[in-house]
Amino acid sequence: MTSATNDKPRFRPSQSRLLDEPIATAFFGRRKGKPISPTQQALMDDLLPRISLNPARPVDDVASLFAHKPAEIWMEIGFGGGEHIVRQAKSNPDVGLIGCEPFVNGVVKALVQMREQDVGNIRVYDEDAAHILDWLPTASLDRLFLLYPDPWHKKRHWKRRFVSDANLERFIRVLKPGALFRFASDIEPYVNWTLNHVERFDAFEEIDATPEKRLEAWPDWQTTRYEEKAFREGRRPHYLTFRRK
Ligand SMILES: C[S@@+](CC[C@H](N)C(=O)[O-])C[C@H]1O[C@@H](n2cnc3c(N)ncnc32)[C@H](O)[C@@H]1O
């Protein structure tokens, strides 16, 4: 595995390419849960710096961030405990995956799986994914996953939802023509919110746009911790697929 970018200072939102828009890019969730063990800390100190992305350093060729010059670049926003991104990385060794997750305990879980399963085709950013979306070159992603984003139920918190006009504009810029954006959620109001927001953009078309198809998991789906919680609590997952025209 090659060393990715690791020097400070970290990217600041004020360097955003989309500086003059009303930015909805702050991270509102938890950064830390229970204390991490010394073994986990060792992974954070050893593995994470080698695979971390640093958006302060410009990038022209995203494939060059990976040791194997991947054929495609996929990105997952808010990978949680890493179940899905690690599985996709393992099943698709010719792809390079970028994962963003500011929750330290989630990052640690993903690192453990990467080490145990000898996965070397993931690069990690442990802060707000919007920084990476603004840093990536135009038309550089082949696939984008937003799986069980925080629903922010209260109306006054809706502006915190990751699906927003500003972020959809970011998606449109970084996705290649024909690239796919996959969204999963068990919260129906957020599913409808997403459908309504995406509909406003001509650049996207929904694939399998029927109520029945939206309840079918993708053939290569790997369930996540939040999805399992949704099933336990009796909620029905929805899977939306959009193609960048
Ligand atoms: C409800 S959890 C779902 C986690 C995982 N996708 C799953 O299905 O188990 C939402 C995740 O999104 C992450 N998140 C929230 N805002 C984010 C942002 N701006 N950039 C990257 N990740 C974010 C949170 O830290 C959290 O881990």
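Student: What volume does the largest pocket have?

Tutor: Heads-up: this is a predicted model, where local features need pLDDT of at least 70, side-chain atom pairs count only at pLDDT 80 or more, and totals for chains, interfaces and linings use all residues. Residues are numbered from 1 along each chain as its sequence is written, and side-chain values use heavy atoms, without hydrogens and water. A pocket here is an open set of points on a 1 Å grid over the protein atoms alone, where a 1.4 Å probe fits, with protein on both sides within 12 Å along at least five of seven lines. Fill the largest one with probe spheres set on its points and you get about 920 Å³.

Student: How many residues line the largest pocket?

Tutor: Gly78, Glu101, Tyr148, Pro149 and Asp150 lie nearest its centre. Counting every residue with an atom within 4 Å of a point, the lining comes to 44 residues.

Student: Which residue puts a side-chain N or O atom 2.6 Å from an oxygen atom of the ligand?

Tutor: The ligand has 17 residues around it (a heavy atom within 4 Å), and the closest include Gly78, Asp128 and Thr224. Polar contacts pair N or O atoms within 3.5 Å: backbone atoms supply one at 2.8 Å from Gly78 to a ligand nitrogen and one at 3.1 Å from Tyr226 to a ligand oxygen. The side-chain partner at 2.6 Å is Thr224.

Conventions: A polar contact is a pair of N or O atoms within 3.5 Å; within protein, one must be able to donate a hydrogen and the other to accept it, and residues adjacent in sequence count only if both atoms are side-chain atoms.
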